[in-house]
Amino acid sequence: PEPRAHGTAVAGRLFGDYGYAPHAQLYSASVFYKRDAYQEGAATHSLIQALDWLLQENVTVINMSLAGPPNALLELSLNTAATKGAIVVAAVGNEGPASPPLFPAAYPSVIGVTAVDDKAQIYRWAVQGKHVEIAAHGVGVRTARIGDSYGYESGTSMAAPMVTAYLAHLLYARALSHDQARQHLAKFAVDKGETGRDSVFGVGVLPRHSALE
């Protein structure tokens with residue numbers, strides 16, 4: 001069975017009453033499957049097929065609110081996406097600060113996003129490390145749920161769409177390269193924690209209003 005709750009919540013952070021990119025066009029690839037009543041998974045071939053399809057549809061900003069172990073084939077596919085001009089944003093994961101890096105956020109070609117609350121405090125379960133690139137609001141956020149309702153969610157999966165929306169706004173206004181997009185993120189991020197980039201907040205916290213400008 002294809003689970004829909006997580007994807008709906010992520011989409012709700014882009015669209016709807018609480019989304020940051022309400023006028024964008026959404027392409028949604030179903031990659032998850034239900035393992036049991038409590039667990040969901042995403043097969044490598046599903047992720048690669050999804051990336052191929054999105055590239056064929058000329059999608060320039062790809063949000064991946066998922067995290068797992070490293071995979072050479074997935075890394076190759078992500079590198080291909082980057083060479084074709086796509087920017088991939090991924091959640092760093094919610095396995096806690098002692099967790100090893102999770103993927104795809106830890107791949108160099110991907111922008112890894114962590115989550116903070118409305119006071120810019122780090123989400124207690126967010127993965128930390130040198131691969132963390134930027135932080136965004138993702139704790140106690142209101143978003144869509146299946147069944148035409150809204151609710152509150154927390155996690156790095158909820159923070160990634162805010163960065164995705166911001167990049168989509170940038171690319172709509174100007175043609176940026178992968179490196180230029182990352183420079184813009186660093187420019188608008190508010191430094192937090194240690195001076196400069198650190199393993200908790202990355203380059204800093206993206207202000208919520210920035211994604212709407």
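These notes go through a predicted model, element by element.

1. The sheet. Strands 3, 4, 5 and 6 make up an open sheet, in the order 3-4-5-6, with parallel pairing. Strand 3 and strand 6 are the edge strands; each has a single partner strand, so one side of each has no neighbour in the sheet. From one strand to the next, the twist averages 30°. As a general point, the strands of a sheet pair through backbone hydrogen bonds, in either a parallel or an antiparallel way.

2. Strand 5 against strand 6. Strand 5 covers residues 110-116 and runs parallel to strand 6, to which five bridges join it. One residue pair can be named here: glycine 112 has valine 132, in strand 6, as its bridge partner.

3. Helix 4 over the sheet. Helix 4 takes in residues 156-173 and lies across strand 3, strand 4 (87-91), strand 5 and strand 6. Its direction is at about 160° to that of strand 4.

4. Glutamate 133. This residue belongs to strand 6, which spans residues 132-137. Is glutamate 133 buried or exposed? Its relative accessibility is 9%, and because the cut-off for buried is under 20%, glutamate 133 counts as buried. The side chain of glutamate 133 makes a polar contact of 2.9 Å with the side chain of arginine 182. Setting aside residues up to four places away in sequence, glutamate 133 touches Val110, Ile111, Gly112, Arg182, Arg197, Phe201, Gly202 and Val203. Arg182 thus appears both in that set of touching residues and in the polar contact.

5. Helix 2, length and faces. Helix 2 has 13 residues (44-56), which at 1.5 Å a residue should span 18 Å; the end C-alpha atoms are 18 Å apart, in agreement. Its buried residues include Ser46, Leu47, Ala50, Leu51, Leu54 and Leu55. Seen down the helix axis, the buried residues fall within an arc of 170°, so they line one face of helix 2. His45, Gln49 and Gln56, on the other side, are exposed.

6. Helix 2, surroundings. Which elements cover the buried residues of helix 2? Among them are strand 2 (40-42), strand 3 (61-64) and helix 3 (72-83). After helix 2 comes asparagine 58, with a positive phi near 60°.

7. The hairpin of strands 7 and 8. Strand 7 (residues 141-145) and strand 8 (residues 149-153) run antiparallel and are joined by five bridges. Arginine 142 is placed opposite tyrosine 152 of strand 8. Three residues lie between the strands of this hairpin, in which glycine 147 has a positive phi near 90°.

8. Valine 10. Helix 1 (residues 5-12) contains valine 10. With a relative accessibility of 9%, valine 10 counts as buried. Apart from neighbours within four places in sequence, valine 10 is in contact with Asn63, Ser65, Ser157, Met158 and Pro161. Where does methionine 162 stand relative to valine 10? The two are 152 residues apart in sequence, and their C-alpha atoms are 9.6 Å apart in space.

9. Serine 99. The loop between strand 4 and strand 5 holds serine 99. Serine 99 has a relative accessible area of 13% and is buried. Neighbours within four places in sequence aside, serine 99 is in contact with Val127 and Gln128.

Technical notes: Residues are numbered from 1 along each chain as its sequence is written. This is a predicted model: local features need pLDDT of at least 70, side-chain atom pairs count only at pLDDT 80 or more; totals for chains, interfaces and linings use all residues. Side-chain values use heavy atoms; hydrogens and water are left out. Helices (H or I, at least four residues) and strands (E, at least two) are DSSP runs, numbered from the N terminus. Buried means under 20% relative accessible area, exposed over 50%, partly exposed in between (1.4 Å probe, protein chains only). A polar contact is a pair of N or O atoms within 3.5 Å; within protein, one must be able to donate a hydrogen and the other to accept it, and residues adjacent in sequence count only if both atoms are side-chain atoms. Contact means heavy atoms within 4.5 Å. Two strands pair if DSSP finds at least two bridges between them. The expected span of a helix is 1.5 Å times one less than its number of residues. The arc is that of the directions from the helix axis to the C-beta atoms. Axes are lines fitted to C-alpha atoms, for helices over the stretch in contact, and angles run from 0 to 180 degrees between N-to-C directions.
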